[in-house]
Amino acid sequence: MAIGEVRAGSGWLTLREAADAAARAPDLVEEVRPYLRGNGPLRVHDLGCGTGSMARWLAPRLDGPQHWVLLDRDTDLLRVAAANPPEAAADGAPVTIETRRRDITRLSPGELEGAALLTASALLDMMTAEELERLVRTCVAAACPALIALSVTGEVELTPGDPFDGAVADAFNAHQRRTLAGRRLLGPDAVAAAVSGFTRLGADLQVRPSPWHLGPDQAELAGEWFTGWLAAACEQRPELAAAASEYGRWRLSGAAEGRLSVTVHHVDLLARPR
Ligand SMILES: C[S@@+](CC[C@H](N)C(=O)[O-])C[C@H]1O[C@@H](n2cnc3c(N)ncnc32)[C@H](O)[C@@H]1O
């Protein structure tokens, strides 16, 4: 990992996998299905695959033999992905995978040759405007559909509400847009940048909401999410720290006792060549 890159741990990705699966927009799978063709197994490239959760979610929703190419810059996550492939396609056909260590914003033109579908999930907010622009160009040049799930919009709702929630949300979003080792991250602005980039390059774009709804039955994930959300907010605005400690204790006891519900808004994008 290079300096300035945000790292996603495999423990966090595993903890969120079920909530991600429940949140992704299933109707975009129906929208993309008629466009999936090719000779031999369907070739899908997952960009920023992490531990491979997108493949485990999507491969069993598609028919026929598939070959997934899982790309990430993090070798530890690629190792977990390689050890946990999807079981089979919807009709029982085999699904094979391979992993490749790559910077997905600097793929060579031949890297995606033969791809019938590109996917990504929970990726865009970690990018700079230049990296996102390169990624969008790469997707459009591949001339196949791109299904990009779970991009955060910056909106969250906590129930019960508290007057401090808004200040934390603003500070968290500012943290997502921070400059890290000279890289200005897009955070929640990535959605608008991706929409504008795909539209400018002539893609047919569909956008769907894909929120996490974390209720009392997901207390562990809600607690972990909240802890990270508050810590990032306080790192960005240290002046929040004094009020944050009592607020944090109250929220975490609420999560542990099943009194906290959280909605974290995302969107899924489907870009198709016209
Ligand atoms: C939040 S994780 C999501 C992982 C996975 N897609 C999922 O939904 O669980 C973002 C992933 O993107 C990878 N990533 C971010 N920027 C990347 C880049 N420029 N090149 C390759 N991988 C990148 C990270 O290493 C991480 O695994």
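Arginine 100 sits in strand β3, residues 95-101 (helices, H or I with at least four residues, and strands, E with at least two, are DSSP runs numbered from the N terminus). The model is a predicted one, so local features need pLDDT of at least 70 and side-chain atom pairs count only at pLDDT 80 or more, while totals for chains, interfaces and linings use all residues. Residue numbers start from 1 along each chain as its sequence is written, and side-chain values use heavy atoms, with hydrogens and water left out.

Back to arginine 100: with a relative accessible area of 16%, this residue is buried (buried is under 20%, exposed over 50%, partly exposed in between, with a 1.4 Å probe and protein chains only). The side chain of arginine 100 makes a polar contact of 3.0 Å with that of glutamate 98. Here a polar contact is a pair of N or O atoms within 3.5 Å; within protein, one must be able to donate a hydrogen and the other to accept it, and residues adjacent in sequence count only if both atoms are side-chain atoms. Setting aside residues up to four places away in sequence, arginine 100 touches Arg43, His45, Val69, Leu70, Leu71, Asp72, Leu78 and Glu111 (contact means heavy atoms within 4.5 Å).

Asp72 turns up again around the ligand, being listed among the closest residues together with Gly48, Asp103, Ile104 and Ser121. In total, 19 residues surround the ligand, where near means that a heavy atom of the residue lies within 4 Å. By class, this shell splits into 8 nonpolar, 5 polar and 6 charged residues; Ala, Val, Leu, Ile, Met, Phe, Trp, Tyr, Cys and Pro count as nonpolar, Asp, Glu, Lys and Arg as charged, and the others, Gly among them, as polar.

As for polar atoms, a ligand nitrogen is 3.0 Å from a side-chain N or O atom of aspartate 103, and a ligand oxygen is 3.2 Å from a side-chain N or O atom of serine 53. Serine 121 brings in its backbone instead, with an N or O atom 2.8 Å from a nitrogen of the ligand. On its own the ligand has 590 Å² of accessible area, and the protein covers 96% of that (Shrake-Rupley method, 1.4 Å probe).

Moving on to the rings, a search of the whole structure turns up 5 aromatic pairs. Rings of Phe, Tyr and Trp (its six-membered ring) pair if their centres lie within 6.5 Å; planes under 30 degrees apart are stacked, over 60 edge-to-face and the rest tilted. Tryptophan 12 and tryptophan 212 pair edge-to-face, at 6.2 Å centre to centre and 65° between the planes. Since tryptophan 12 belongs to helix α1 (residues 10-23) and tryptophan 212 to strand β9 (residues 212-214), the pair ties together parts 200 residues apart in sequence. Tryptophan 12 is partly exposed at 26%, whereas tryptophan 212 is buried at 2%.

Phenylalanine 226 and tryptophan 229 make a tilted pair, 5.9 Å centre to centre with 50° between the planes. Both lie in helix α8 (residues 219-236), 3 residues apart, or about one turn of the helix. Phenylalanine 226 is buried at 1% relative accessibility, and tryptophan 229 is buried at 1%. Ring pairs link these two with Phe164, Trp225 and Tyr247 into a cluster.

Finally, valine 140 is part of helix α5 (residues 129-141) and is partly exposed at 29%. Outside its neighbours within four places in sequence, valine 140 contacts Phe198 and Leu201. The C-alpha atoms of valine 140 and phenylalanine 198 are 7.5 Å apart, with their positions 58 residues apart along the chain.
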